[in-house]
Structures are given as structure tokens and as C-alpha cells.
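Me: I have a small protein open on my screen and would like a close look at a single part of it, the nonpolar core. Could you walk me through what builds that core and then show me how the rest of the chain is arranged around it?

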Amino acid sequence: MKTVTKFGERFKQLRLELNLSQEDIALKLGIDVSSVNRYEKNKREPEYATLLKIAAFFDVSIDYLLGGTENRKRL
């Protein structure tokens, strides 16, 4: 059985691939740095509107962010 990756792990991976700090991504997404930190530590999940912003920013599907697929492509 495949293990589903948690949102925070995917979010952090995508941020690091672009060499962005938590402060950088918070500014680009219009969210608090503390929220970014909590997302990455899987202590909090983003609201739907923020999830949409994150998917659009990284150009990935919401399914990918939530661990439902390994395919990053947005439809």
C-alpha cells in the first residue's frame, strides 16, 4: 500500500525547489510566515482559498499538494 505524503511535506519540497525562504513564500502568497511554518510542520492545513493560491503559484494540482497523486500537472 502506498503511503500518502502530507501536504506540509509537498509544500516545503516545492518551496525549496525554487530556493525560496519561508518569508519569501509568505510574501508571495500573502500569508503569515507563521502559517507557512505550521503548514510545513503539518500542524495546520490551509483554507481552500489559500490552497488554490498555492497550487496556482507552484503550477501543480491540488491532488498533488494533498498527496493524492504523484502527477504534478494541473488540469
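Reply: Happy to. A helix here is a DSSP run of H or I with at least four residues, a strand is a run of E with at least two, and both are numbered from the N terminus. Please keep in mind that this is a predicted model. By that definition the chain has 5 helices and 0 strands, so the order from the N terminus on is simply α-α-α-α-α.

Let's go straight to the core. The largest nonpolar core has 17 residues, and those that touch the most other members are Phe7, Phe11, Ile25, Ile54, Phe58 and Leu65. Each of the five helices supplies at least two residues of this core: H1 (7–17), H2 (22–29), H3 (33–40), H4 (48–58) and H5 (62–65). H4 gives the most, with 4 residues. As a general background, nonpolar side chains tend to be buried together in soluble globular proteins.

Ile54 is a good residue to centre your view on. Leaving aside neighbours within four places in sequence, Ile54 is in contact with Phe7, Phe11, Leu29, Tyr39, Pro46 and Leu65. Three of the residues named above as touching the most other core members, Phe7, Phe11 and Leu65, are therefore also partners of Ile54.

Now stay in H4 and move to Thr50, which lies in that helix. Is Thr50 buried or exposed? Its relative accessible area is 13%; because buried means under 20%, Thr50 counts as buried. With neighbours within four places in sequence left aside, Thr50 is in contact with Ile31 and Tyr39. Tyr39 is thus a partner of Ile54 as well as of Thr50.

Next, look at Val33, in helix H3. Val33 has a relative accessible area of 32%, so this residue is partly exposed. Beyond neighbours within four places in sequence, the contacts of Val33 are with Gln22, Glu23 and Ala26. A distance you can check on your screen is the one between the C-alpha atoms of Val33 and Ser21: they are 12 residues apart along the chain and separated by 9.6 Å.

Two loop residues deserve a stop too. Asn19, in the loop between H1 and H2, has a positive phi of about 55° although it is not a glycine. Asp59 sits in the loop between H4 and H5, and here again phi is positive, at about 55°, in a residue that is not a glycine. Both count as exposed because their relative accessible areas are over 50%: 68% for Asn19 and 52% for Asp59.

Finally, step back to the whole chain. A compact globule of 75 residues would have a radius of gyration near 11 Å, and the 12 Å of this chain agrees with that. The C-alpha trace spans about 35 × 25 × 25 Å along its principal axes. Buried residues make up 36% of the 75. If you take the contacts between residues at least 6 apart in sequence, 50% of them join residues at least 24 apart. On the outside, the chain exposes about 5,000 Å², with carbon and sulfur atoms supplying 49% of that area. As for charge, there are 14 positive and 11 negative charges, and their mean positions are 1 Å apart.

How values were computed:
Residues are numbered from 1 along each chain as its sequence is written. This is a predicted model: local features need pLDDT of at least 70, side-chain atom pairs count only at pLDDT 80 or more; totals for chains, interfaces and linings use all residues. Side-chain values use heavy atoms; hydrogens and water are left out. The radius of gyration is taken over C-alpha atoms; the globule rule is 2.2 Å times the number of residues to the power 0.38. Buried means under 20% relative accessible area, exposed over 50%, partly exposed in between (1.4 Å probe, protein chains only). Contact means heavy atoms within 4.5 Å. Accessible areas come from the Shrake-Rupley method with a 1.4 Å probe; for residues, only the protein chains shown count as cover. Lys and Arg count as positive and Asp and Glu as negative; His and the chain ends are not counted. The place of a charge is taken as NZ of Lys, CZ of Arg, CG of Asp or CD of Glu. A nonpolar core is a set of buried Ala, Val, Leu, Ile, Met, Phe, Trp, Tyr and Cys residues joined through side-chain atoms within 4.5 Å.
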